[in-house]
Amino acid sequence: MASPLRTVACLIYPDVMSLDAVGPLQVFGSANAERAGHGLPPAYALHLVAEAAGPVTTSAGFALLADTGWPTLDPAQLDTVLVAGGDGVIAQLDNTALRQWLRRAEPQVRRMGSVCSGALLLAHAGLLDGLHATTHWCRTDLMRRNYPAVQVDDDCLHTYDAASAVYSHLFTSAGVTAGIDLALALVEADLGRPMALAVARRLVMFMRRPGGQAQFSALLAPETRHAPRLAALLEWIPTQLGGDLSLDALAEQACMPTRTLTRVFQRELGTTPGRYVERVRVEAASTLLAQAQASVSTVARLCGFEHTENLRRSFHKHRAVSPQAYAQRFGAGALLD
């Protein structure tokens, strides 16, 4: 069957994450290749766009070649716009012309989405107000603080939903490779499940990856830049995971009343002391399980969960899988019990 040619533009800028751009575009390119193998015309025309046509240096140090400058691009000629993320996104928040172009383009394109921290640009343009959105796990707290009108989900791979009038038009994806998951979902919506399965096989990837982005994050680094009053406490917590990290113990270590400590955590980190400790413990347990350092019961004890059932409940809440399933999926010969 013939298919209309859909123009997909990925927006890049200096210090963009290269995989945020080339990963999703490769999914669309692989769909074209699958169609060519069946004697069908391409379904997608792919473009990299930047402030000006020409080479754009990525955060990896090499350059991607933008074929068009977005200031001269007519959004009405585009089907889908994807905004890539990366270290350079913070500088682009001050780019008034880009913000205005995104606002102008959004109602004219069929779809607009972001990859990784590209969600910050959509949020800064006011396009995500009142919507569920996600971004790279290390940027979710920043997004909550700076864009309170956005409903941030820190453990989903993307918010695209082909059945939703809202989320089939405007959507976000989580860290880096989640942009590939997003692009595969777009291909499925455009060309059907058999084509999406064929692309997934070609790229040796899950059709739908199990779990959310939280199961892939590294051990949480203390968020001291955003919480100067808590810096010493946040450095101390990972060294005491097997010990007493109750609210009273934390307050004593921080030399604050418990109510004050709770207020400071909420204001500076957007969470409670108990939830923060649980996240750090789950991250530490994840690392031990993935590295096959100990059995599940030993990991539970070392990380302060006391019993495997407590570890299981926390894993389901933060990882959407059991510790045993996580160890089997990510561990090299992990010890199960």
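## The sheet

In this predicted model, 6 strands make up an open sheet with parallel pairing, ordered S5-S2-S1-S6-S7-S10. Strand S5 (68-69) and strand S10 (170-171) are at the edges; each has a single partner strand, so one side of each has no neighbour in the sheet.

Strand S1 (residues 6-11) pairs with strand S6 (residues 80-83) in the parallel sense, over 4 bridges. Cys10 has Leu82 in S6 as its bridge partner.

## Helices on the sheet

Helix H1 (residues 18-37) packs on the sheet and touches S1, strand S2 (44-50) and S6. The direction of H1 makes about 165° with that of S2. Helix H6 (residues 178-191) also packs on the sheet, where it touches S1, S2, S6, strand S7 (111-114) and S10. For H6, the angle with the direction of S2 is about 140°.

H1 has 20 residues and spans 28 Å from its first C-alpha to its last, close to the 28 Å expected at 1.5 Å a residue. Gly39, just after H1, takes a positive phi of about 75°.

## Aromatic pairs

The whole structure holds 5 aromatic pairs. In one of them, the ring centres of Trp70 and Trp101 are 6.2 Å apart and the planes are at 45°, so the pair is tilted. Trp70 lies in the loop between S5 and S6, and Trp101 lies in helix H3 (residues 96-105), 31 residues apart. Trp70 is buried at 4% relative accessible area, and Trp101 is buried at 1%.

Another pair joins Phe265 and Tyr276, with ring centres 5.8 Å apart and planes at 65°, so this pair is edge-to-face. Phe265 belongs to helix H10 (residues 258-269) and Tyr276 to helix H11 (residues 273-290). Phe265 is buried, with 0% relative accessibility; Tyr276 is buried too, at 2%.

Conventions:
Residues are numbered from 1 along each chain as its sequence is written. This is a predicted model: local features need pLDDT of at least 70, side-chain atom pairs count only at pLDDT 80 or more; totals for chains, interfaces and linings use all residues. Side-chain values use heavy atoms; hydrogens and water are left out. Two strands pair if DSSP finds at least two bridges between them. Helices (H or I, at least four residues) and strands (E, at least two) are DSSP runs, numbered from the N terminus. Contact means heavy atoms within 4.5 Å. Axes are lines fitted to C-alpha atoms, for helices over the stretch in contact, and angles run from 0 to 180 degrees between N-to-C directions. The expected span of a helix is 1.5 Å times one less than its number of residues. Rings of Phe, Tyr and Trp (its six-membered ring) pair if their centres lie within 6.5 Å; planes under 30 degrees apart count as stacked, over 60 as edge-to-face and the rest as tilted. Buried means under 20% relative accessible area, exposed over 50%, partly exposed in between (1.4 Å probe, protein chains only).
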